[in-house]
Amino acid sequence: MSQSLQPITPARNIANFAVELVVALGHDTVFSLTGGMAMHLNRAVAAHRGLKAVYCQHEQAVVAAAEGYAKAANFRKAGFAVVTAGPGVSNTVTSLISAHTDSTPLIVLAGQIKTADIDRWGTRAHGAQEVHSRELITPCVKRFERIGPADFREVLIDTLADAFRGRPGAVFIEFPLDVQGMPIEYEKADLEHAVAAVREKIDAADELGSRDKIATALRTLLAATRPLLYLGNGLRAACVDELIVEFARMHDIPCQYTWLSEDIMPASDPLFFGCPGGLAEISANRILFACDVMLILGGRLDLGTTGFQRHVFGAQAQRIVIDVDQPELDKFGELPRLDLVRADLHALPLAIEMVKDATSRASSDWLPWCQNERTEYLAEETRRMASDKMNVYNITRLFNGWADNKTWIPASSGYAEETFSRFFQPGINSRFFNGASLGSMGLGLAHSIGASFSSKTRICCLEADGGLMLNIQELATLTHYGPKGFVIFLLNNNGYESIRASQTKFFGGIAGVDAGSGLYIPPYEKICAAFDIDYTCIFTLAELSALLPTLAADAKPLMVDMRIDQFEYRGPGVKTIMSADGKPSSTPLSELNW
Ligand SMILES: Cc1ncc(C[n+]2csc(CCOP(=O)(O)OP(=O)(O)O)c2C)c(N)n1
Ligand SMILES: [Mg+2]
């Protein structure tokens, strides 16, 4: 028999102050899973009238949903999560790393056992449900803090500002149970004062002299004969993505992207030249290797993006790398013709203002040459890859024609990442992201659920049959909150196809990738029935093409189970070669071929 209970009422304690402060900073949605060691935080969340609480079914999903929320809000808002102590904390690890390595602003408030019980002796287990959270979480986040009763206001203010300032990231703030519940006095004015203090710290004076350094780099770019702008996701993290596009358009400068940033501009834009790298349009790499000055803004040239060849990535050009995070610059060592500039892209508007009278000295045939390269490549791609197979390439082409005004969230591993991300062509007002840096299976659905609370456009979640199983329980969260127009496009290839392909290639056999080799995935039709999710199954491109225009923007969540071809050719790419002693190496980036 269900018991009728009173709604939870607020208290005046440290937990309440913390939650109210985060909301006062403009965050109106929190993702959570409750627990005894977070009881005062849970109460503060439940009692806050201006806060929507979304309860997920696993802490990995709680934090992943918060990541999706922040990314779909274009990094203008942080993801906000509340979890309990012990396993509630340890369950967040993968998602924290994913959000943090993608520079996502994230605020996690966590419970902890009462101060007196926290281990001081180095025992394996001391407090009931205690984990060594500081040691466990510190490497996964930008900042870990355990709140004490004395200076909690100052620590909260400074830590919350850290989620945004410089390179954004995850902050993890832990509250021992006795500290959470400690009664304190505060008025609305105290919260307003704290909000102003957080904002002041975020907007603090430009200590790095970023404005001048960025302006100098922009001048060098404008003086080049064959300039190239390489625009990374750091531009979005610094909220200057729209501004850089304006700058590029004003001077007609070709732009290249990473998979995470390519939706900054529609692919149909005359200045869009794709994402160079190890799996890429051949034209993108040819342009990369033809420019004479390359300005790299907020892109860290990671190993995956550069096909493990960051040292040669456009290295014939003068390369200027602007990054606010010193280790990202240190990792380049001492390569020739590489200017490593430590500057904060938040200063880009001031820098652009400084160079407003400068004009581009680019050669008049540079942009047309780039455009011709891309047009010819795309024609060849269409020719070479033409088939009527239900593969990820062809599915992506259909989605490209339907991409405008939608938020696309592929899984972060397998062919959803390698093929969909590679061939996706952002449309007008299309947003695209996943957890690219970590590449974890299992986060796509939770990212998408979180995104549905901040995105202005409908969510297209592109999950895979293997990866979705890792957080399948979140289908319950999806059913319960029921975001309108939400579609899970399932890439169903009967198991871990990307692993099956690599095992077959390197070892000639398979293990742990499908039912025949030890991994069982139940039929999704039955799973959807159990979770009360609408379900449809399709086998051909013609069926998908007919289905897309019928998907209503106000419908309840739907899974489209797409039975795809197992073999997937991913187009031009560097090839991995395995030496006799088991060491992998890659073919040269400049010689990308079919
Ligand atoms: C958490 C996690 N565990 C293991 C892996 C290694 N891994 C990468 S892709 C993959 C298979 C993914 O299968 P599925 O999601 O069905 O995608 P497909 O390869 O079939 O496109 C595995 C096991 C990973 N990326 N993340
Ligand atoms: Mg699969």
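Tutor: A residue is buried under 20% relative accessible area, exposed over 50% and partly exposed in between (1.4 Å probe, protein chains only), and helices are DSSP runs (H or I) of at least four residues, numbered from the N terminus. This is a predicted model, in which local features need pLDDT of at least 70 and side-chain atom pairs pLDDT 80 or more, while totals for chains, interfaces and linings use all residues. Residues count from 1 along each chain as written, chains are lettered from A and ligands numbered from 1 in written order, and side-chain values use heavy atoms, without hydrogens or water.

Student: How many residues of helix 18 are buried?

Tutor: The buried residues of helix 18 include Tyr 415, Phe 420 and Phe 423, and also Glu 417 and Arg 422, so the list is not confined to one kind of side chain. Helix 18 is mostly covered, and of its 10 residues the number buried is 9.

Student: Which residues of helix 23 are buried?

Tutor: On the other side of helix 23, which spans residues 524–531, Glu 525, Lys 526, Ala 529 and Ala 530 are exposed. The buried residues are Tyr 524, Ile 527 and Cys 528. Seen down the helix axis, they fall within an arc of 95° (taken from the directions from the axis to the C-beta atoms), so one face of helix 23 is lined by these buried residues, namely Tyr 524, Ile 527 and Cys 528.

Student: Which protein residues are the donors of the magnesium ion (ligand 2)?

Tutor: Donors are N, O and S atoms within 2.8 Å of the metal (3.2 Å for Na, K and Ca), and the site may look incomplete because water is not among the atoms. Along the chain the donors follow the spacing D-x27-N-x1-G, and two of the residues concerned are buried, Asn 493 with a relative accessible area of 7% and Gly 495 at 5%. Lying 2.1 Å from the ion, the donors are OD of Asp 465, OD1 of Asn 493 and O of Gly 495.

Student: How many residues surround ligand 1?

Tutor: Helix 18 (414–423), helix 20 (465–468) and helix 22 (497–507) each supply at least two residues of the shell around ligand 1. Polar backbone atoms of Gly 439 and Met 441 each lie 3.1 Å from a nitrogen atom of the ligand, and one of Gly 495 lies 3.0 Å from an oxygen atom of it. The closest residues are Asp 465, Gly 466, Gly 467, Asn 493 and Ser 498, and the number surrounding ligand 1 (a heavy atom within 4 Å) is 17.

Terms used:
A polar contact is a pair of N or O atoms within 3.5 Å; within protein, one must be able to donate a hydrogen and the other to accept it, and residues adjacent in sequence count only if both atoms are side-chain atoms.
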